[in-house]
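Let's take a friendly tour of this protein, starting with its strands and ending with its rings. Keep the structure open beside you as you read.

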Amino acid sequence: MGKDAGSIKSPTPKATAELVGTAVFQKDKLLGFISLDDTRMLSMAAGELKGTTLSVPLEKKGEYAAIRLLNWRSQMKVSLEHGKPEIRLVLYGKGNVPSTDIEKDLSSVLEYQKLEELTSSYIKNQMMVTIRHIQGEYGVDPIGFGEKLYRRHYRQFLSVAGKWNESFAQSPIEVEVHITLQRSELKTNNITKIE
């Protein structure tokens, strides 16, 4: 055992795993499947994602920047106000810019700030779409907001314990995203097409 090092010497490993989506369950009952993009957003919300690369749309239609998120954490704040859940999800990420479709002056702080704002806005919008989809179609809490309420405010949780999923499905969720881009991974300027 341990004598064959062929897998680590090869540029393509012999065994790879590919995630193609996730199943949604309520207790032991399969409710359905969600897409890879929704799976990524749920993993980000739960703070389980270690790193990913996103294709973030830029100002002009059809132009994108790749943003590689390397450090990620999420913070959930859940409480009950007048018997209804108030849920706030704050996401923090740090990353790099491996590529862009257009010529960007990434030596400028202003360009980094624009990319950070675009990335934060993109993640917030995608997160809201995913959460609304899960709330509307499945009516369950796969992120763990109910568990957070249970741990932080046990007495409040007891009043909605038997109907948490129904309460969650009807609750508005506030999402806030803070992205910090640390550096560019571009070694040279992009080659632009001459027309």
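## Strands side by side

This is a predicted model. Strand E4 pairs with strand E5 (residues 84-100) in the antiparallel sense, and 15 bridges link them. To see one of these partnerships, find Leu69: its bridge partner in E5 is Gly95. E4 and E5 make a hairpin with two residues between them, and in that turn His82 has a positive phi of about 55°.

E4 (residues 64-81) also has strand E3 (residues 52-57) as a partner: the two run antiparallel and are joined by six bridges. Here you can spot Thr53 standing opposite Arg68 in E4. E3 and E4 form a hairpin too, this time with six residues between them, and Gly62 in the turn has a positive phi of about 90°.

## A charge over a ring

Now look for Arg73, which lies over the face of Tyr92, at 4.2 Å from the ring centre.

## Rings that meet

How many aromatic pairs does the model have? The count comes to four. Take Tyr150 and Phe157: their rings are 5.4 Å apart, centre to centre, with 80° between the planes. That pair is called edge-to-face because its angle is over 60 degrees.

Are these two residues buried or partly exposed? Tyr150 is partly exposed, with a relative accessible area of 42%. Phe157, on the other hand, is buried, because its relative accessible area is 13% and the cut-off is under 20%.

There's also an aromatic cluster to find, formed by Phe145, Trp164 and Phe168.

Terms used:
Residues are numbered from 1 along each chain as its sequence is written. This is a predicted model: local features need pLDDT of at least 70, side-chain atom pairs count only at pLDDT 80 or more; totals for chains, interfaces and linings use all residues. Side-chain values use heavy atoms; hydrogens and water are left out. Rings of Phe, Tyr and Trp (its six-membered ring) pair if their centres lie within 6.5 Å; planes under 30 degrees apart count as stacked, over 60 as edge-to-face and the rest as tilted. Buried means under 20% relative accessible area, exposed over 50%, partly exposed in between (1.4 Å probe, protein chains only). A charge sits over a ring if NZ of Lys or CZ of Arg is within 6 Å of the ring centre and within 35 degrees of the ring normal. Two strands pair if DSSP finds at least two bridges between them. Helices (H or I, at least four residues) and strands (E, at least two) are DSSP runs, numbered from the N terminus.
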